[in-house]
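Me: I have a structure open and would like to talk it through with you, one question at a time. Could you help me read it?

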Amino acid sequence: MLDLLNRHLSDGISVPELADAARLSLHHFIKVCRQSEGLTPHALLMQKRIEWAIELLLDGRACVDEVAVLVGFASSSHFVSTFHRAVGVTPATLRSAARE
């Protein structure tokens, strides 16, 4: 399950597409993910994307807009709001704090 998610983080892949890739029905895919990982596939996908985004932001080579695209978000604004909800600070604030 995690290998499949990790391979598709930057694709912007949806949960139904992940279920298809795993050759499971959507309902069964969600159930299996919840049982094995303790999270829904969407929550797990977002968690993995945020973790990867943190690494990229702390690395400092890519701007916030580039990080958003690299980790699979369709827009920077969606990335920033999702990141802020998950981490408690904006991507720019995280990067700024890490530089100090």
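**Salt bridges first**

Me: Happy to have you along! Which residue forms a salt bridge with Arg-61?
Reply: This is a predicted model, so everything here is computed. The closest N and O atoms of the pair are 2.7 Å apart, and a salt bridge needs a side-chain nitrogen within 4 Å of a carboxyl oxygen. Arg-61 is exposed at 72% relative accessible area, while its partner is partly exposed at 40%. That partner is Asp-59.

Me: And which residue meets Lys-48 in a salt bridge?
Reply: Lys-48 lies in helix H4, and its partner is three residues away in that helix, so the two are separated by about one helical turn. The N to O distance is 3.8 Å. The partner is partly exposed, with a relative accessible area of 36%. It is Glu-51.

Me: Is Lys-48 buried or exposed?
Reply: Leaving aside neighbours within four places in sequence, Lys-48 is in contact with Leu-2, Asn-6 and Leu-9. Its relative accessibility is 19%, and the cut-off for being buried is under 20%. Lys-48 therefore counts as buried.

Me: How many salt bridges does the count come to?
Reply: One joins Arg-61 and Asp-59. Another joins Lys-48 and Glu-51. The count comes to two.

**Aromatic rings and the core**

Me: On to the rings. How is the aromatic pair of Phe-79 and Phe-83 classed: stacked, edge-to-face or tilted?
Reply: The count comes to two aromatic pairs. In this one, the centres are 5.6 Å apart and the planes are at 55 degrees. Planes under 30 degrees apart would be stacked and those over 60 edge-to-face, so this angle falls in the remaining class. The pair is tilted.

Me: How far apart along helix H6 are Phe-79 and Phe-83?
Reply: Helix H6 covers residues 76–87, and the two phenylalanines are four residues apart in it. Both are buried. Their spacing therefore corresponds to about one helical turn.

Me: Which residue joins Phe-79 and Phe-83 in a ring cluster?
Reply: Ring pairs link three phenylalanines into this cluster. Outside four places in sequence, the third member touches Met-46, Arg-49, Ala-68, His-78, Phe-79 and Thr-82. That third member is Phe-73.

Me: Which helix gives the most residues to the largest nonpolar core?
Reply: The core has 14 residues, and those touching the most other members are Ala-53, Leu-57, Val-67, Val-71, Phe-73, Phe-79 and Phe-83. The elements giving two or more residues are H4 (41–59), H5 (64–70) and H6. With five residues, the top contributor is H4.

Me: How many residues are in the second core?
Reply: This core is separate from the one just described. Its members include Leu-5, Ile-13, Val-15 and Phe-29. It has 11 residues.

**Some single residues**

Me: How far is Leu-70 from Ser-10 in space, C-alpha to C-alpha?
Reply: Leu-70 is found in helix H5 and is partly exposed at 40% relative accessible area. Not counting residues up to four places away, Leu-70 touches Ser-10, Trp-52, Leu-56 and Ala-62. Leu-70 and Ser-10 are 60 residues apart in sequence. In space, the distance is 5.5 Å.

Me: What is the phi of Arg-23 near?
Reply: Most residues other than glycine have a negative phi. Arg-23 sits in the loop between helix H2 (15–21) and helix H3 (26–37), and at 76% relative accessibility it counts as exposed. Its phi is positive, near 60 degrees.

Me: How many disulfides does a search of the whole structure find?
Reply: A disulfide is a covalent bond between the sulfur atoms of two cysteines. Cys-33 is buried, at 0% relative accessible area, whereas Cys-63 counts as partly exposed at 35%. The number of disulfides found is zero.

**The chain as a whole**

Me: Last one! Which domain annotation covers residues 1–97?
Reply: Over those residues the chain is 72% helix and 0% strand. The end C-alpha atoms are 34 Å apart. The annotation comes from an unreviewed UniProt entry and reads "domain: HTH araC/xylS-type".

Conventions: Residues are numbered from 1 along each chain as its sequence is written. This is a predicted model: local features need pLDDT of at least 70, side-chain atom pairs count only at pLDDT 80 or more; totals for chains, interfaces and linings use all residues. Side-chain values use heavy atoms; hydrogens and water are left out. Rings of Phe, Tyr and Trp (its six-membered ring) pair if their centres lie within 6.5 Å; planes under 30 degrees apart count as stacked, over 60 as edge-to-face and the rest as tilted. Buried means under 20% relative accessible area, exposed over 50%, partly exposed in between (1.4 Å probe, protein chains only). A nonpolar core is a set of buried Ala, Val, Leu, Ile, Met, Phe, Trp, Tyr and Cys residues joined through side-chain atoms within 4.5 Å. Contact means heavy atoms within 4.5 Å. A disulfide is a pair of cysteine sulfur atoms within 2.5 Å. UniProt positions are given in the numbering used here, feature names are shortened, and annotations may be inferred rather than shown by experiment.
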